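Colleague: I have just opened this one and would love a guided tour. Could you walk me through it, one question at a time?

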Amino acid sequence: MFIHCQNTGDASGSALRDRSHIENMLEVATEPSTEVSGAIKKLLNIYHKAIKPMEDAFKYNELRQHEVTDGEITSKPMVLFLGPWSVGKSSMINYLLGLHGTSQELYTGAEPTTSEYTVIMHGDKFRTIEGIVMAADSSRSFSPLEKFGQGFLERFVGIEMSHKLLERVTFVDTPGIIENRKQQERGYPYNEVCQWFIDRADLIFLVFDPTKLDVGGELEMLFRQMKGRESQIRLILNKADSLSTQDLMRVYGALFWSMAPLINVTEPPRVYVSSFWPFDYAVDTSRDLFMKEEISLLEDLNQVIENQIENKIAFIRQHAIRVRIHALLVDRYLQTYHEKLGWFGDPHEVFQDIVNDPDKYYIFKSILAKTNVSKFDLPDKEAYQDFFGVNPVSHFKQLSQHCSWSGGCLLEKIERAISHELPSLLSGVGKNSDPAAPAKCEETPKNRWRRQ
Ligand SMILES: Nc1nc2c(ncn2[C@@H]2O[C@H](COP(=O)(O)OP(=O)(O)OP(=O)(O)O)[C@@H](O)[C@H]2O)c(=O)[nH]1
Ligand SMILES: [Mg+2]
């Protein structure tokens, strides 16, 4: 069951740090503009006209279970806190929201503490909402989580509170990774749930404690799941004042070393080195650096709030790309089936042969050649064995048959959305903003928008 209560932390005797820079950041975060709401409307329209019909026709949701709801398209930017247990994820949220010492403070402690996925969002007054209620409410963006079952919903909770920052952004705290724990013990598909949140997060704070940097199997898995989301990731070397500068440099290097094969992009993720809790930094540590790092992180957070519509468009475009690949694959299975049917005779046997050994018929290779997609981004053939086990071949029509006089072809529509409509919506978004407005971030986060 969900618990949250006051906790004085390890440094209950220490002085608290000044928070005025956080308050100043909140002043900068302006109200959402009409431009943003207009763009969201257009995005909804593109999704319903060009992407959803393809999802429905090729039962995409049954393959990846990655459907998109209107609630997700219209929701606030989401900041996800991930990492091993006891690295200070919940403390960081308490710190950013100024909850320390209040009755709304998230529970923190030296043992593994957070056991629920906790969504902290804006509401008129403080209240907690059971996962089952959050998932049942289709106006919220969390209704698709229902599919992870009762075991997950019992480990899912919402907290609403009135807070200026939460008017613009939603935080998600997660249970810390405990290496060597068997996944079954969690009672829900941990990796799939993580993937759901990773796919949707506008910013992912991957938090580490430099005094116990231990990259094991579960964390490696998490790194792999971040593929394609690299520009959303920020690494946090938290509790940095508990090490000497020299040790900190060593840990910094070690972190990149262990991550290098897993996050494979030209631009390394930004690392923030600081101590994200309310207490004064330990004496004889790099206080100036820690404070500057904290301010950079706040500016980064602010930038994400400002860029929320760009991230939404990028998310929907990435989704559209996956839906298109799925449709092309199913179409290829069907085409091969019709070609081979004459030779053998028994339709079931013919199709089973293709599904069991698609490589023999170059199914995946032909899509790779056609779509300019990385082979790591293709779903695997086992997924299609399950998919066609539930959805017989007779349930599908070939792509060429999904055309109508009035509406055109589904494939053309989704391709137009991917290569024209979504990019032009994106380039239209920033255009009306005030060019004279001062840049709020000295270090503009790059990679926000990468072509696939
Ligand atoms: N020295 C130091 N300790 C910290 C800092 N942030 C958090 N702590 C302490 O680290 C412990 C763990 O903090 P939590 O916030 O509960 O960590 P968590 O990552 O949420 O842990 P789980 O919920 O178990 O995954 C607590 O005792 C905190 O008081 C920090 O910046 N410096
Ligand atoms: Mg926690």
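**A walk through the model**

Modeller: Happy to! Let's begin with strand β2: five of its six residues are buried, so β2 is largely enclosed by the rest of the structure. Keep in mind that this is a predicted model.

Colleague: Good to know. How many helices and strands are there in the protein chain, and what percentage of its residues count as buried?

Modeller: The protein chain has 16 helices and 10 strands. Its length is 452 residues. The share of these that count as buried is 51%.

Colleague: Back to β2, then. Which strand does β2 join through six bridges?

Modeller: Strand β2 covers residues 117-122, and the partner in question runs parallel to it. Thr 118 has Val 157 as its bridge partner there, and Ile 120 has Ile 159. The strand holding those partners, at residues 156-161, is β4.

Colleague: And in which sense do β2 and β5 pair, parallel or antiparallel?

Modeller: Here Ile 120 is a handy marker, as its bridge partner in β5 is Phe 171. Three bridges connect β2 and β5, and the sense is antiparallel.

Colleague: Let me zoom out to the whole sheet. Which are its edge strands?

Modeller: This is an open sheet of eight strands with mixed pairing, in the order β3-β4-β2-β5-β1-β6-β7-β8. An edge strand here pairs on one side only, and that description fits residues 127-130 and residues 270-273. These are β3 and β8. From one strand to the next, the twist averages 20 degrees.

Colleague: What angle does the direction of helix α8 make with that of β1?

Modeller: Helix α8, residues 190-200, packs on the sheet. Among the strands that α8 touches are β2, β4 and β5. Its direction and that of β1 differ by an angle of about 140 degrees.

Colleague: Now for the magnesium ion (ligand 2). Which residues coordinate it?

Modeller: Two side-chain oxygens do so, OG of one residue and OG1 of the other, at 2.0 to 2.1 Å. The pair links distant parts of the chain, 24 residues apart: one residue sits in helix α5 (residues 89-97), the other in the loop between α5 and β2. They are Ser 90 and Thr 114.

Colleague: Why do Ser 90 and Thr 114 both count as buried?

Modeller: A residue is buried when its relative accessible area is under 20%. Thr 114 is buried because its value is 19%. Ser 90 also counts as buried, because its relative accessibility is 6%.

Colleague: How many of the residues of α5 are buried?

Modeller: Ser 90 belongs to this helix and is buried, and so are others including Lys 89, Met 92, Tyr 95 and Leu 97. Helix α5 is largely enclosed by the rest of the structure, because its buried residues number nine of the nine.

Colleague: Last one: which residue offers a polar side-chain atom 2.9 Å from an oxygen atom of ligand 1?

Modeller: Of the 22 residues around ligand 1, those that come nearest include Lys 89, Ser 91 and Thr 113. Ser 86 places a backbone N or O atom 2.8 Å from an oxygen atom of ligand 1, and Gly 88 does so at 3.0 Å. The residue with the polar side-chain atom at 2.9 Å is Ser 90.

Conventions:
Residues numbered from 1 in each chain as written. Chains lettered and ligands numbered in written order. Predicted model: local features only at pLDDT ≥ 70, side-chain atom pairs only at ≥ 80, totals over all residues. Heavy atoms only, no water. Pairing = 2+ DSSP bridges. Helix = DSSP H or I, 4+ residues; strand = E, 2+ residues; numbered from the N terminus. Axes fitted to C-alpha atoms, helices over the stretch in contact; angles between N-to-C directions. Contact = heavy atoms within 4.5 Å. Donors = N, O, S within 2.8 Å, 3.2 Å for Na, K, Ca; no water. Buried < 20%, exposed > 50% of the residue type's maximum accessible area, 1.4 Å probe, protein only. Near = heavy atom within 4 Å. Polar contact = N/O pair within 3.5 Å; in protein donor to acceptor, adjacent residues only side chain to side chain.
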